Amino acid sequence: MMLADAVTTTEEVTATSSRLAKIEALAGLLQRATPDEVLPLTGLLLASPRQGRLGVGWRGISALEVVHAYAPTLSIADVDVALTVLAAAAGSGSAAARNRQLSDLAARATAEEWDFLARAMLGELRTGALGGVLLDAIVRASGRTPAAVRRAAMLSGDLGETALLALTGTAEQLDDVRLVVGRPVLPMLAANAATPTAALEITGAASVEYKLDGARIQVHRHGDEVGVFTRSLADITHRVPEIVEIVRGLPARDLILDGETLSLDEDGGPRPFQETMSRFGADVSGELVLRPWFFDLLHVDGRDLIDEPLAVRLAELARIAGEWRMPGIVTDDADAAEQLSLEALAAGHEGVVVKAMDSPYMAGRRGKSWVKVKPVHTYDLVVLAAEWGSGRRRGWLSNIHLGAHDPDGEFGEPGGFVMVGKTFKGLTDELLRWQTETFPAHETHRTGAAVLLRPEIVVEIAIDGVQRSPRYPGGIALRFARVKHYRPDKSPTDADTIQTLRGLLRG
């Protein structure tokens, strides 16, 4: 398959707001791919090359000075080889080697192909076809059932591998995809409710558990081998040796655990989220010790539990996790749930999560089986721009522009982000310094007052609510928005949607 075929298809996908048309175009492209082309093609369409980190940034790409090819000659296989060489460059002279490889690839590509490749390498394709649309295209192209493809994707954690199996394997092989200890799966997600009482009305009898202001972790163990992964499935095992040792001491040989981690201060209270996240970027533990709390068990000693009701999973978790289990109670009593929420808040935590006792573990899904309750409304949004400060903040990037995810393009480009407000509240000098140092690496261009950014940085924002406003395309504006902290553990597609925020409107 020629790269130009993928470019033409993505142009068609970007040009239409019809989800069905996107699916049809992508399905046709996948059907034309050979087995060897499915993985690299899927990686390009997702703007997530199968090679992983390429060591390539926006500045390196924008600094290239080449004459592009007049006519298309590159195949998907050619691009795959070039990206493999890029990813393999390491050690002394690697920067120069990457630059030569990038220059060669850019010269062999037409201008349109290079625009596509650059955005794919930088994770910024913006076709509105990421994730769910491409999964539906795999269903259409393969003729497999949506349930089978969706389950295989969730359990494998790899849409490319799922596409390859669906398109080239049998229905039985697709159905046989199972949890694999050591291969992380997408975490189950929670909806929101205003109070524990309201959450119980949704779930019925539930496990009401502390909601920590920590970092989500998924831990896999096979014998003495332990792997620790973030919510985005990044491997941080070597950075959290204390968690590895704790899990090695649990009474089982094979485990997949879901939980959270954070560090505690001298009085046993939670340290700020930023301190926990600093450990994820450090190769040594130093004095900051992380403690895990586990709240779910997906696999134990050869037995998959994701299809079992939560009641069964929690019984096994109690046997395995012991003191490392998340505090909580099982109840259908609203007063008891409210009391536990007050206890969690008094201990310095965020609130509670209310989980239906009959619910299976739905990897990668946000349904109403899990409902989080936090007294302060917080939402994950994407930074679209930042304005230069004035007065004491002169010289620092300060006031940030906030966008909510619009997966179906109801208020703009499908898969894009809709601006819902600005804020400079909650920004400490440390955060102002970090913004000023970090944001330029994500810059697209500047105006006189602001630096506009690619939508890549996720920030958790506390708000008092939303109000109707004609100022922004989504018809709402945030009320009293303030920065809680940045979320490097989340991707832009994890951001809350404009539809979720609009749901806060009264009347």
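With which residue does Arg-319 form a salt bridge? The partner is Glu-316, and the closest N and O atoms of the two lie 2.9 Å apart. This pair is a convenient way into the structure, which is a predicted model. Both residues belong to helix H15, where they sit 3 residues apart, about one turn of the helix. An α-helix has 3.6 residues a turn, so residues three or four places apart point the same way. The two partners differ in their surroundings: Glu-316 is buried, with a relative accessible area of 16%, whereas Arg-319 is partly exposed at 46%.

Helix H15 (residues 310-321) leads on to a sheet, since the helix lies across strands E2, E9 and E10 and runs at about 55 degrees to E2. The sheet is open and mixed in its pairing, with 5 strands in the order E1-E10-E9-E2-E8. Strands E1 (189-193) and E8 (328-331) take the edges; each has a single partner strand, so one side of each is left without a neighbour in the sheet. From one strand to the next, the twist averages 35 degrees. Helix H12 (residues 196-203) also packs on the sheet, touching E1, E2, E8, E9 (351-356) and E10 (366-373), and its direction makes about 160 degrees with that of E10.

The two edges can be followed through their pairings. At one of them, E1 pairs with E10 in the parallel sense over 4 bridges, and Ala-191 stands opposite Val-371 in E10. Although E1 is an edge strand, 4 of its 5 residues are buried, so E1 is largely enclosed by the rest of the structure. At the other edge, E8 pairs with strand E2 (residues 206-211) in the antiparallel sense, again over 4 bridges. Here Ala-206 stands opposite Thr-331 in E8.

Attention now turns to the nonpolar interior. In soluble globular proteins, nonpolar side chains tend to be buried together. The largest nonpolar core in this model has 84 residues, and those with the most contacts inside it are Leu-3, Leu-41, Leu-44, Trp-114, Leu-117 and Met-121. Helix H8 (residues 132-142) gives the most to this core, with 7 residues. Met-121 offers a closer view: beyond its neighbours within four places in sequence, this residue is in contact with Pro-49, Leu-54, Ile-61, Leu-83, Leu-86, Leu-102 and Trp-114. Apart from this core lies another, of 30 residues, among them Leu-257, Met-277, Phe-294 and Trp-324.

How many of the 11 residues of H8 are buried? The count is 9, so H8 is largely enclosed by the rest of the structure. The buried residues of H8 pack against helices H2 (19-32), H3, H9 (146-156) and H10 (159-168). They include a charged residue, Asp-136, which forms a salt bridge with Arg-19, with the closest N and O atoms 2.8 Å apart. This bridge links distant parts of the chain, as Asp-136 in H8 and Arg-19 in H2 are 117 residues apart. Arg-19 itself is partly exposed, with a relative accessible area of 36%. After H8 comes Gly-143, whose phi is positive, near 80 degrees.

The structure holds 28 salt bridges. One of them joins Arg-119 to Asp-115, with the closest N and O atoms 3.0 Å apart. Both lie in helix H7 (residues 111-121), 4 residues apart. Arg-119 is partly exposed at 29% relative accessible area, and Asp-115 is partly exposed at 41%. Salt bridges also form a network that links Lys-211, Asp-213, Glu-260, Glu-350, Lys-374, Glu-460, Lys-484, Arg-487 and Asp-489.

A few individual residues complete the picture. Most residues other than glycine have a negative phi. Ala-47, not a glycine, has a positive phi of about 55 degrees; this residue lies in the loop between helices H3 (35-45) and H4 (58-62) and is buried, at 11% relative accessibility. Asp-301 likewise has a positive phi, of about 45 degrees, and lies in the loop between strands E6 (290-300) and E7 (303-304). Asp-301 is partly exposed, with a relative accessible area of 42%. Lastly, Asn-399 in strand E12 (residues 397-406) is buried at 14% relative accessibility, and its side chain reaches the backbone nitrogen of Phe-424 at 3.3 Å.

Technical notes
Residues numbered from 1 in each chain as written. Predicted model: local features only at pLDDT ≥ 70, side-chain atom pairs only at ≥ 80, totals over all residues. Heavy atoms only, no water. Pairing = 2+ DSSP bridges. Axes fitted to C-alpha atoms, helices over the stretch in contact; angles between N-to-C directions. Contact = heavy atoms within 4.5 Å. Buried < 20%, exposed > 50% of the residue type's maximum accessible area, 1.4 Å probe, protein only. Polar contact = N/O pair within 3.5 Å; in protein donor to acceptor, adjacent residues only side chain to side chain. Core = buried A, V, L, I, M, F, W, Y, C linked by side-chain atoms within 4.5 Å. Salt bridge = Lys/Arg side-chain N within 4 Å of Asp/Glu carboxyl O.
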